[in-house]
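Me: I've got a structure open and would like to talk it through with you. Shall we start with how far to trust it, then work inwards?

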Amino acid sequence: MKTLRLALTLCLLLPMTIFAQPKAITAYNREYKTPTSYSELNQYVQELDRSSELLQTKVIGNSVQNRHIFALCFSDGQFGRNPSKLKVLIFTQQHGNEQSGKEAVLLLAKELLKQENLYLFERLDIALIPQINPDGAEINKRTNSNGVDLNRNHLLLDQPETKALHNFFNIYRFDATVDVHEYSPFGESWQNWGYRKNASVTLGALTNPNINASLRKSTNDDALPWVLQFIKNQGYSSAIYTPGGPPGIDYIRHSTFDINDGRQSFGIQNSYSFIQEGMNGSDTYVDNLSHRSVSQLTGLMGFLNYFHANHNKIVNLVKQSREQLINGYSSAKTSIQANHVTNGSGLQLPVVKFQSQEYDTYDSIVIVNDYRPIVNSIKDVETPYGYLLPKDDSKLMDWIKAHQFITEDAIPQSSVIEAYSIESIGTADFEGDQIAIPHVRTEIVSSVNQEEYIILPISQLKGNMIIMALEPESMLGLSTYKNFMYLIQGTKYPVLRIK
Ligand SMILES: [Zn+2]
């Protein structure tokens, strides 16, 4: 069968060649009276680029307000071209009001060029994106200039910043990724409770049940404990990333299983992916920024050292699990609804008094009984061959283009086509939010006019993502977003399933 790959829109990937006058690099010793501005960052990465053969800086796209998004590509050979090397992507500041990730990556860029760290490049090619959301960063705002939370946009992929990131990922198919953020323990509910979390760096791994089980296990059971200990050994406090709480008022879970964020949108393509969340300051701007930046840097050095020490294992795990996806035999069933459940034991949560000015310390350890670290599938579908998407639906066509999905030009002869009828709309609890989920009935369609549809097979890297996006009863589906709610507003769901 002939496969048709959508034209790649990679023209944004331009090497930076027009630089200002060379200038000696001085140490990046900021006093952090303000975070690094876009123009300072621009100048700094250009100076770094000129200083070393190891580094090539690329502009991978532009923001809504036309600021460049830079990627700093480090390699001792041709970047991304040696299959025995582990390709690492670290990206930060999707949320413009989380400044320390950017500062940490700028410090890391400098660290990587030091003689004592060159051993990393024997096994790793490393790309650093210091700032995905330069417009938000400039005014210390969470969203981009369109008011969109970029870290909820990796499934829709309709913003220039997230498109730039995924286009860049698609070129090199990075093996391992780290998405850098900040968490804030300074909310009102914690203030009322009297205590708060205080870990300088928190880490989360892969949780969506459709991600390859060996990858999920390895990121959670092997990598996380190792990097958490590395951070502690360097004198900073670290903990598992646990949203929710305070205890007794709200449950605490391990992370999320959604695939629309910077971690799991790559994880669902069977990448070895993580989120790192440093602790925000009380003013979410420059408060404690030096400590925030250096502790985040320490976490990133921990990941790079883990990737270096385990590079063969990770390269093979990613390669094998991706082959399963591409060949369409990753699993007989695909989870489309899930929830968080307890593992039977409580969480030991270190806390400090809410007003404490101390870092890397705690006053007491609270046992959280309602801790739900396990993601449990509550509804599966039989993994299909693929889907038929109506060509006259421009939103779905734009979505296919944004993701660069592989499409096919004919339906296999023996396949069965099913249509979904929407019988009623119910609600489901997704991590505390009530979302609309239809109840559907399927029936076999005797014939379809193939000319009217795009054929989307699931035998591709994004196969599991496609199923979760298009199944109408999926908790993480396109129809749970405002832009695609129309999909479930009639009695017929416009997408058909191929079995
Ligand atoms: Zn964030």
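Me: This is a predicted model, so which residues have pLDDT under 50 throughout?
Reply: There's one stretch to treat with care. The model gives it 41 contacts beyond four places in sequence, yet pLDDT stays under 50 there. The stretch is residues 1-27.

Me: And how does the protein chain do on average pLDDT?
Reply: Here the picture is brighter: 94% of the residues score at least 70. The average pLDDT for the protein chain is 92.

Me: What radius of gyration does the protein chain have, and how does that sit with the globule rule?
Reply: The protein chain has 11 helices and 23 strands. For 499 residues the globule rule gives 23 Å, and the protein chain comes out close to that, so it is as compact as a globular protein of that length. Along the principal axes, the C-alpha trace spans about 70 × 55 × 40 Å. The radius of gyration itself is 23 Å.

Me: Of contacts between residues at least 6 apart in sequence, what share joins residues at least 24 apart?
Reply: Take the contacts in the protein chain between residues at least 6 apart, then keep those joining residues at least 24 apart. That share is 76%.

Me: How is the protein chain divided, and how far apart are the C-alpha centres of domain 2 and domain 3?
Reply: The division gives domain 1 (9-330), domain 2 (338-376) and domain 3 (384-498). Between the C-alpha centres of domain 2 and domain 3, the distance is 38 Å.

Me: Which residues have the most contacts inside the largest nonpolar core?
Reply: That core has 110 residues. It draws at least three residues from each of domain 1 (9-330) and domain 3 (384-498). A second, separate core has 6 residues, including Tyr195, Ile252, Leu349 and Val351. Back in the largest core, the residues with the most contacts are Leu72 and Val88.

Me: Which residue of β6 is the bridge partner of Leu72?
Reply: Strand β4 (residues 68-74) runs antiparallel to β6, joined by 3 bridges. Beyond four places in sequence, Leu72 touches Val45, Leu55, Thr57, Ala109, Ala127 and Leu128. The bridge partner of Leu72 in β6 is Leu128.

Me: How many residues of β6 are buried?
Reply: Strand β6 (residues 124-129) is mostly covered. One side carries Leu124, Ile126 and Leu128, the other Asp125, Ala127 and Ile129, and all of these are buried. Strand β5 (residues 86-92) runs parallel to β6 over 6 bridges, with Leu86 partnering Leu124. The count of buried residues in β6 is 6 of 6.

Me: Which strand pairs with β12 in the parallel sense over 8 bridges?
Reply: All 8 of the 8 residues in β12 (residues 272-279) are buried. Strand β9 (residues 201-204) runs antiparallel to β12 over 4 bridges, and Leu203 stands opposite Gln276. On the parallel side of the story, Tyr183 has Met279 as its bridge partner in β12. The parallel strand is β7 (residues 176-183).

Me: Why do β8 and β15 each have one side without a neighbour in the sheet?
Reply: The sheet is open, with 3 strands in the order β8-β14-β15 and antiparallel pairing. β8 (195-196) and β15 (364-368) stand at the edges, so one side of each is left without a neighbour. β8 and β14 (residues 347-353) pair over 2 bridges, with Arg196 opposite Val352. What explains the free sides is that each edge strand has a single partner strand.

Me: What covers the buried residues of helix α11?
Reply: In α11 (residues 463-470), 8 of the 8 residues are buried, so the helix is largely enclosed by the rest of the structure. Among the buried residues are Met465, Ile466 and Leu470. The cover includes α9 (311-327), β13 (333-341), β18 (386-390) and β22 (453-457).

Me: Last one: is Thr36 buried or exposed?
Reply: Thr36 lies in the loop between β2 (14-15) and α1 (38-51). Beyond four places in sequence, it is in contact with Arg30, Leu41, Lys102, Glu103 and Leu106. There are 22 C-beta neighbours inside 10 Å, and the cut-off is 20 or more, so Thr36 counts as buried.

How values were computed
Residues numbered from 1 in each chain as written. Predicted model: local features only at pLDDT ≥ 70, side-chain atom pairs only at ≥ 80, totals over all residues. Core = buried A, V, L, I, M, F, W, Y, C linked by C-beta atoms within 7 Å. Buried ≥ 20, exposed ≤ 12 C-beta atoms within 10 Å, placed from the backbone. Domains from an automatic or database assignment. Contact = placed C-beta atoms within 7 Å. Pairing = 2+ DSSP bridges. Rg over C-alpha atoms; globule rule 2.2 N^0.38 Å. pLDDT = per-residue confidence, 0-100.
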